[in-house]
Amino acid sequence: MKPFDRYVYELTYNVDPEARDEYDAWLAETTAEWLALEQVRGIRSEHTVECAEHDVRLRFEFGSLSNWGAFVTADRTRRRLDQLRRMTDRLEVALWKPAAIPVGAVTVGAESSASE
């Protein structure tokens, strides 16, 4: 499976400054736990560079929708997300599915007649 064929489960949030140390420990421990799961194909943590609505984005990759479903409905995952909610503000989640980009419909290097 190619990385662009994966489902992406995205959590965005702001870490409470008073919970920063607890969050850092939680993230290290939880990431190791989640990476050991068969359903999870990858995890990435990203911090915003620009002023944005959320400070952190945590992205999970899954090979199938059923793998994602098994992950999010597991008691262990629910407990970990409840812990995360207590350390963060504005936690939002989104699931993204793979989508093709129709590159065959575009001629590379061709100039648009609209710019003339």
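This briefing covers the sheet, the helix contact, the nonpolar core and two residues of strand 4. The model is predicted. Four strands form an open sheet in the order 2-3-1-4, with antiparallel pairing. Helix 2 and helix 3 come within 5 Å of each other, axis to axis. The largest nonpolar core holds 19 residues.

**Sheet**

- Strands of a sheet pair through backbone hydrogen bonds, and the pairing may be parallel or antiparallel. Here the pairing is antiparallel.
- Strand 2 (40-47) and strand 4 (88-96) are the edge strands. Each has a single partner strand, so one side of each is left without a neighbour in the sheet.
- From one strand to the next, the twist averages 15 degrees.
- Strand 2 and strand 3 are antiparallel and joined over seven bridges. Gly42 has Glu61 of strand 3 as its bridge partner.
- Strand 1 and strand 3 are also antiparallel, over seven bridges. Here Thr12 is bridged to Arg57 of strand 3.
- Strand 1 (residues 7-15) pairs with strand 4 in the antiparallel sense, again over seven bridges. Val8 is bridged to Trp96 of strand 4.
- Strand 3 (residues 56-62) is mostly covered. Six of its seven residues are buried.
- In a regular strand, side chains alternate between the two faces of the sheet.

**Helix 2 against helix 3**

- Helix 2 spans residues 65-73 and helix 3 spans residues 75-87. Their axes cross at roughly 60 degrees.
- That angle makes helix 2 oblique to helix 3.
- Helix 2 brings Phe71, Val72 and Thr73 to the contact. Helix 3 brings Asp75, Thr77 and Arg78.
- By class, the residues of this contact are two nonpolar, two polar and two charged.

**Nonpolar core**

- Which residues of the largest nonpolar core touch the most other members? They are Tyr9, Leu11, Tyr13, Tyr23, Phe60 and Phe71.
- Strand 1, helix 1 (20-35), strand 3, helix 2 and helix 3 each supply at least two residues of this core.
- Phe71 appears both among these core residues and in the contact of helix 2 with helix 3.
- Tyr13 has a list of contacts beyond four places in sequence. Among them are Tyr23, His54, Asp55, Val56, Leu58 and Leu84.
- The Tyr13 list also includes Thr88, Asp89, Arg90 and Leu91.

**Arg90**

- Arg90 lies in strand 4.
- Most residues other than glycine have a negative phi. Arg90 has a positive phi of about 65 degrees, although it is not a glycine.
- Is Arg90 buried or partly exposed? Arg90 counts as partly exposed because its relative accessibility is 37%, and the buried class ends at 20%.
- Tyr13 is in contact with Arg90.

**Leu91**

- Leu91 also lies in strand 4.
- Leu91 has 23% relative accessibility, so it counts as partly exposed. Buried would require a value under 20%.
- Leaving aside neighbours within four places in sequence, Leu91 touches Leu11, Thr12 and Tyr13. Leu84 and Arg85 are also in contact with Leu91.
- Two of the Leu91 partners, Leu11 and Tyr13, are among the core residues that touch the most other members.
- Leu91 and Leu81 are ten residues apart in sequence. Their C-alpha atoms are 9.6 Å apart in space.

Key. Residues numbered from 1 in each chain as written. Predicted model: local features only at pLDDT ≥ 70, side-chain atom pairs only at ≥ 80, totals over all residues. Heavy atoms only, no water. Axes fitted to C-alpha atoms, helices over the stretch in contact; angles between N-to-C directions. Parallel < 35°, antiparallel > 145°, perpendicular 65-115°, else oblique. Contact = heavy atoms within 4.5 Å. Nonpolar A, V, L, I, M, F, W, Y, C, P; charged D, E, K, R; others polar. Pairing = 2+ DSSP bridges. Buried < 20%, exposed > 50% of the residue type's maximum accessible area, 1.4 Å probe, protein only. Core = buried A, V, L, I, M, F, W, Y, C linked by side-chain atoms within 4.5 Å.
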